[in-house]
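Hi everyone, thanks for making time. I'd like to walk you through a structure that's probably new to you, so let's get it up on the screen.

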Amino acid sequence: MGLKASSPSTPLCRKTGLLPLLCALALGWSGLAWASPVPCTEQPYTLETPEGLAGGGNLEFDGDLAIFSDGACLQTEGLSLRAPELRYDQQSGELTASQIEVETPRYRFWAQEGLVKRQVLQALGVRITTCRCGDDLRLLSERLNFDTKSGEVLLEESRLEAYRLGLAQFEALRLNVNRPLGESLGLQTGEADTLLFPLRLDFDQGLNLGLSEFPLPAAGVSDKFSTRITLLGLRLGSPDPILRLGFSGRGEGNRARLEFDLKPSGPASRGEVEGGPVFFTHDSEKGRYAFGFRQSFTLDRFTLIPYGWIAQDWPDGTPASQVQGLAAGAELRYRFEVQEGPFRFRLEPFGVLGFYNQPQQYVAYGGYAEGRYEGEFALRLGYNWAIESTPGRFWLERREATQKLSGNLRYQNIGLEATHDFLLSQTQASLRLGYPQSYGEFWARLNTCWNCVGKTLSNGRDDWERRELVLGFTPVPLSCTYDLNLTPFLGYDFLRQGVSRWGLELRYADCCFIWRLGYQEIRIAQDPGEIPSGKLVFGLEIR
């Protein structure tokens with residue numbers, strides 16, 4: 001596991017080596033003003049045991065009992081432990097200690113009593129933190145069982161606290177010392193170590209304020225937060241504010257998500273419930289609902305997905321186009337993949353056959369082909385196509401007609417991405433150039449689009465071409481405590497000759513978290529999904 005034998009020092013002091021008095025005061029304030037201990041391998045007295053290397057500044061024997069003191073420690077592949085006194089029973093092979101301190105690359109543990117046997121640490125009265133200094137974010141547990149080989153930790157009767165405020169309680173909670181805490185608690189987003197911050201406070205077409213996906217621990221044994229609630233006020237101050245109430249839950253093979261919106265323009269609801277192959281989904285704003293089943297069967301490279309449902313849809317988005325009825329059929333997919341050195345090829349054709357409760361059937365076929373090369377440079381080319389015999393009645397079985405060629409190229413600090421839509425005769429491309437430095441990367445990205453029908457200019461004419469240059473700077477990730485950095489970007493539209501977008505994000509690192517505060521504004525929209533507006537964002541990451 002590669003655990004360190006030394007205790008962490010304040011990164012600011014370690015990085016700069018300046019202001020020793022202030023650094024000493026910071027350490028004292030954090031409550032972790034440890035002197036850097038002597039590595040266990042360099043202690044005056046050491047003893048190889050089945051549990052690892054035990055050592056200390058003093059060694060006494062009482063029969064078969066070896067007693068280490070004066071900086072007693074235990075160093076093994078999966079454990080770095082220190083205590084005022086360490087007792088090793090040579091007959092039973094047990095190591096026992098009181099007031100122990102344990103350090104791993106991501107966590108620090110403290111415990112009142114501990115026992116190590118067969119490379120498993122059992123401890124009582126446990127406090128755990130991911131903080132670099134202090135313990136403003138911590139887990140308190142009655143008992144701990146730590147398998148030092150796998151890194152798996154089981155906490156019994158534990159509770160999660162932030163700034164001494166209790167957030168949740170668990171009868172049993174499983175962690176892995178090699179994985180982020182947010183991942184173990186089920187609180188991460190797609191970004192590594194980024195928390196799903198439950199308190200939302202930002203501005204986007206109005207003030208957004210409230211609880212978003214607030215986690216509720218499940219009763220009994222729980223590995224993660226599986227139930228969440230939402231209570232949000234959205235677009236407050238705009239002509240059409242929204243009060244959103246939501247619930248989501250997840251279990252073994254089951255999940256549910258429901259949202260209700262109350263607004264002046266009319267109430268709306270959406271959600272889905274899935275239990276094995278059976279599901280129900282609806283969206284009142286799109287006029288959609290469906291109740292049915294869908295199950296996958298895999299045999300070698302083939303995947304068969306039979307389905308059946310009763311559904312309603314608004315194909316063009318208005319009640320006048322409403323369709324209702326039954327649908328049943330199957331989708332068949334074949335996956336072929338081959339790799340030879342740096343070359344890789346993947347082919348995945350599919351076919352869909354569907355029947356309705358009226359004289360109509362649905363046939364669609366297509367697939368995806370992709371070739372990759374990953375060597376001194378990285379190159380990818382892909383072609384995605386789909387052909388429909390007739391338009392599908394419902395969105396669930398529909399595979400809309402597609403003919404797209406896409407690719408990207410990566411070489412050192414140069415990146416090129418391009419997509420051509422044959423059905424729309426539309427081409428989009430993006431070229432990115434980076435200039436890395438020890439403190440971060442300066443970059444420039446040119447976004448272009450030809451024959452981009454569908455975007456309307458302020459004068460009412462169609463937007464046939466787009467050309468935008470975005471400049472920005474991405475600093476290196478924060479590693480010091482009480483440090484901050486800035487991430488700016490600025491975009492310019494050459495065709496309209498004006499600033500298209502700009503933004504600035506401030507990141508600040510304390511002992512436990514990285515706080516993010518930023519503002520982004522779109523002034524000239526470049527994509528049909530973009531709306532010219534400003535957005536204030538707030539985020540939080542576990543260090």
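Before anything else, one bit of vocabulary: when I say strand, I mean a DSSP run of E with at least two residues, and strands are numbered from the N terminus. I'll write β6 and so on for those. And please keep in mind that this is a predicted model.

Okay, the overall picture. The protein chain has three helices and 35 strands. There are 543 residues in the chain, and buried ones make up 40% of them. The accessible surface comes to about 29,200 Å², and 58% of that belongs to carbon and sulfur atoms. If you take the contacts between residues at least 6 apart in sequence, 38% of them join residues at least 24 apart.

Now, the empty space inside. Rolling a probe the size of a water molecule over the atoms shows where empty space is left. How many cavities of 30 Å³ or more does the structure hold? Four. I'd like to look at the second largest cavity, which has about 40 Å³ of space in it. Three elements give two or more residues each to its lining: β5, running 79-89, β6, running 94-103, and β7, running 108-117. Which of these gives the largest share of the lining? That's β6, with four residues.

Who's in that lining? The residues are Leu74, Leu81, Leu86, Leu95, Thr96, Ala97, Ile100, Gly114, Leu115 and Val116. By type, eight of the lining residues are nonpolar, two are polar, and none is charged.

Staying in that part of the chain, have a look at Tyr107, in the loop between β6 and β7. Is Tyr107 buried or exposed? The relative accessible area of Tyr107 is 2%, and the cut-off for buried is under 20%, so Tyr107 is buried. Leaving out residues up to four places away in sequence, Tyr107 touches a long list that includes Val102, Ile128, Leu175, Pro180 and Ser184. The side chain of Tyr107 also reaches the backbone oxygen of Arg179, at 3.1 Å. And going C-alpha to C-alpha, Tyr107 and Asn178 are 8.8 Å apart in space, with their positions 71 residues apart in sequence.

Next, two glutamines with something unusual in the backbone. Most residues other than glycine have a negative phi, and most peptide bonds are trans. Gln119 isn't a glycine, yet has a positive phi of about 60°. You'll find Gln119 in the loop between β7 and β8, where β8 covers 120-129. The other one is Gln497, also not a glycine, with a positive phi of about 55°. Gln497 sits in the loop between β32, 483-493, and β33, 498-509. What about their exposure? Gln119 has a relative accessible area of 21%, so it counts as partly exposed. Gln497 comes in at 63%, which makes it exposed.

One more loop residue, and that's Pro241, between β14 (227-236) and β15 (242-251). Pro241 is partly exposed, at 24% relative accessibility. Its C-alpha is separated by 8.0 Å from that of Gly206, 35 residues away along the chain. Setting aside neighbours within four places in sequence, Pro241 is in contact with Leu234, Arg235, Leu236, Leu262, Lys263 and Pro264.

Last stop: two glutamates in strands. Glu348 belongs to strand β24, residues 343-356. With a relative accessible area of 16%, Glu348 is buried. What does the side chain of Glu348 make a polar contact with? The side chain of Arg346, at 3.0 Å. Apart from neighbours within four places in sequence, Glu348 is in contact with Arg333, Tyr334, Arg335, Gly366, Gly367 and Tyr368.

Then there's Glu505, in strand β33. Glu505 is buried, with a relative accessible area of 15%. The side chain of Glu505 makes a polar contact with the side chain of Arg516, at 3.4 Å. Arg516 turns up again among the contacts of Glu505 beyond four places in sequence, along with Asn485, Leu486, Thr487, Leu517 and Gly518.

That's the tour, and I'm happy to go back to any of these spots.

Technical notes:
Residues are numbered from 1 along each chain as its sequence is written. This is a predicted model: local features need pLDDT of at least 70, side-chain atom pairs count only at pLDDT 80 or more; totals for chains, interfaces and linings use all residues. Side-chain values use heavy atoms; hydrogens and water are left out. On a 1 Å grid over the protein atoms alone, a cavity is a set of points where a 1.4 Å probe fits but cannot get out, and a pocket is an open set with protein on both sides within 12 Å along at least five of seven lines; lining residues have an atom within 4 Å of a point. Grid points are joined across faces, edges and corners, and a volume is the space filled by probe spheres set on the points. Ala, Val, Leu, Ile, Met, Phe, Trp, Tyr, Cys and Pro count as nonpolar, Asp, Glu, Lys and Arg as charged, and the others, Gly among them, as polar. Buried means under 20% relative accessible area, exposed over 50%, partly exposed in between (1.4 Å probe, protein chains only). A polar contact is a pair of N or O atoms within 3.5 Å; within protein, one must be able to donate a hydrogen and the other to accept it, and residues adjacent in sequence count only if both atoms are side-chain atoms. Contact means heavy atoms within 4.5 Å. Accessible areas come from the Shrake-Rupley method with a 1.4 Å probe; for residues, only the protein chains shown count as cover.
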